[in-house]
Amino acid sequence: MNNNQYTGLGFRKDFAEDLITSEVLKPSFIEMAPENWIGMGGYWKKQLDKAAEKFPITCHGLSLSIGSPDELDVEFVKQVKKFLKQYNVKIYSEHLSYSKCDNAHLYDLLPIPFRKDAVKHIVERIKTVQDILEQPLVLENVSYYTPVAAEMKEHEFISAIVNESGCNMLLDINNVYVNSFNHKYDTKEFLHKLPLDKVAYIHMAGHEQVSDTLIIDTHGQAVIDPVFELFEYAIDLVKPVPVLLERDFNIPELSELQGELTRMDNIISKKWQNKHVAA
Ligand SMILES: [Fe+2]
């Protein structure tokens with residue numbers, strides 16, 4: 001990965017061609033959901049290979065469903081491993097949530113109850129995944145709107161999982177902001193309680209405030225100033241790692257996306273100068 005630039009962008013079919021050929025947009029890496037590309041042939045396989053020639057790749061999965069009560073899909077994890085090897089992917093991240101129950105894909109990332117029995121269950125599953133992959137899983141703090149049957153705090157839950165499983169953490173700055181707004185806690189205090197020495201990857205994104213008391217994590221808007229400010233505060237607390245701008249909807253002009261990447265790079269260069277990026 002380029003030592004002067006840490007910021008990447010999601011590789012999406014909507015603007016795959018633009019991303020590969022653009023003179024305007026210059027991410028230092030691209031992120032993709034492996035399940036959207038595994039087994040792909042024809043035109044899209046060619047686009048994927050072209051992108052892989054031009055950019056390092058990180059993976060951010062959608063369907064591992066690490067918190068699910070269902071059996072872990074071992075065959076799926078083996079397919080992911082093959083994909084990671086084929087494209088020399090060092091970071092495979094997923095959500096600390098679940099999206100599958102009774103063998104049905106729920107097409108949403110549902111919050112896991114912050115409970116000791118859930119920690120035990122998930123730690124076992126993470127270890128199985130890591131044994132197959134032969135690399136640490138990187139798990140993301142997700143946004144959630146209602147805590148379900150909680151018996152511990154969110155930061156205690158995340159820390160227990162990370163420390164007991166040996167996985168790494170994907171710190172999503174926007175999710176910290178969104179959750180702290182919706183559940184009324186202090187962003188900085190919360191950050192300090194996370195296992196920051198295990199942060200291996202960072203996400204930045206936009207959101208939508210729908211009322212005085214509710215923000216929805218949409219990835220469909222530009223990143224707002226307070227999230228940039230929290231980013232600046234947070235990156236002082238962690239080692240240099242790749243930083244991804246998530247933009248899934250309302251894709252603006254590419255120059256606008258590049259503007260957000262440049263703004264993140266400028267903050268990073270103030271904080272991480274002379275330090276070495278981890279991936
Ligand atoms: Fe994220």
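This report describes the metal site, the strands, the nonpolar cores and two individual residues of the structure above, which is a predicted model.

**The iron site**

The iron ion is held by four protein donors, namely Glu140 (OE), Asp172 (OD), His203 (ND1) and Glu246 (OE), and these lie 2.0 to 2.4 Å from the ion. Along the sequence the donor residues follow the spacing E-x31-D-x30-H-x42-E. Asp172, which belongs to strand β8 (residues 168–172), and His203, which belongs to strand β9 (residues 199–205), are 31 residues apart, and the pair links distant parts of the chain. What is the geometry of the site of the iron ion, given the angles among its 4 donor atoms? Those angles run from 81 to 163°, and the site is irregular. For comparison, the ideal angle for four tetrahedral donors at a metal is 109.5 degrees. Asp172 has a relative accessibility of 0% and therefore counts as buried, and His203, also at 0% relative accessibility, counts as buried too.

**Strands and their partners**

The pairings below are parallel, and each row gives one pair of strands with the number of bridges that join them.

| Strand | Partner strand | Bridges |
|---|---|---|
| β1 (residues 7–10) | β12 (residues 243–246) | 3 bridges |
| β1 (residues 7–10) | β2 (residues 29–32) | 3 bridges |
| β3 (residues 57–60) | β4 (residues 92–95) | 2 bridges |
| β4 (residues 92–95) | β7 (residues 138–140) | 3 bridges |

Strand β1 is paired with both β12 and β2. In the pairing with β12, Thr7 stands opposite Val243, while in the pairing with β2 it is Gly8 that stands opposite Phe29. Between β1 and β2 the chain crosses through helix α1 (residues 16–21), and this β-α-β crossover is right-handed.

Strand β4 likewise has two partners, β3 and β7. Cys59 stands opposite Tyr92 of β4, and the chain passes from β3 through helix α3 (residues 74–86) to β4 in a β-α-β crossover that is right-handed. On the pairing with β7, Ser93 stands opposite Val138. Which residues of β4 point one way, and which the other way? Tyr92 and Glu94 point one way from the strand, Ser93 and His95 point the other way, and all of them are buried.

**The nonpolar cores**

In soluble globular proteins, nonpolar side chains tend to be buried together. Here the largest nonpolar core has 80 residues, of which Phe157, Leu171, Ile202 and Phe231 touch the most other members. Helix α4 (residues 116–133) supplies the largest share of this core, 8 residues. Phe157, if residues up to four places away in sequence are not counted, touches Leu96, Ile112, Pro113, Phe114, Arg115, Ala118, Val119, Ile122 and Met152. Another core lies apart from the largest one and has 7 residues, among them Phe29, Ile91, Tyr201 and Leu244.

**Two residues in helices**

Lys116 lies in helix α4 and, at 63% relative accessibility, counts as exposed, because exposed means over 50%. Leaving aside neighbours within four places in sequence, Lys116 is in contact with Glu151 and Met152. Lys116 and Met152 are 36 residues apart in sequence, and their C-alpha atoms are 8.0 Å apart in space.

Asn182 is found in helix α6 (residues 173–183). Is Asn182 buried or exposed? Its relative accessible area is 12%, so Asn182 is buried, since buried means under 20%. Not counting residues up to four places away in sequence, Asn182 touches Tyr145, Thr213, Leu214 and Ile215.

Definitions and conventions: Residues numbered from 1 in each chain as written. Predicted model: local features only at pLDDT ≥ 70, side-chain atom pairs only at ≥ 80, totals over all residues. Heavy atoms only, no water. Donors = N, O, S within 2.8 Å, 3.2 Å for Na, K, Ca; no water. Tetrahedral: all angles 85-135°; square planar, octahedral: opposite > 155°, others 65-115°. Helix = DSSP H or I, 4+ residues; strand = E, 2+ residues; numbered from the N terminus. Buried < 20%, exposed > 50% of the residue type's maximum accessible area, 1.4 Å probe, protein only. Pairing = 2+ DSSP bridges. Right-handed = clockwise from strand over helix to strand, strands pointing away. Core = buried A, V, L, I, M, F, W, Y, C linked by side-chain atoms within 4.5 Å. Contact = heavy atoms within 4.5 Å.
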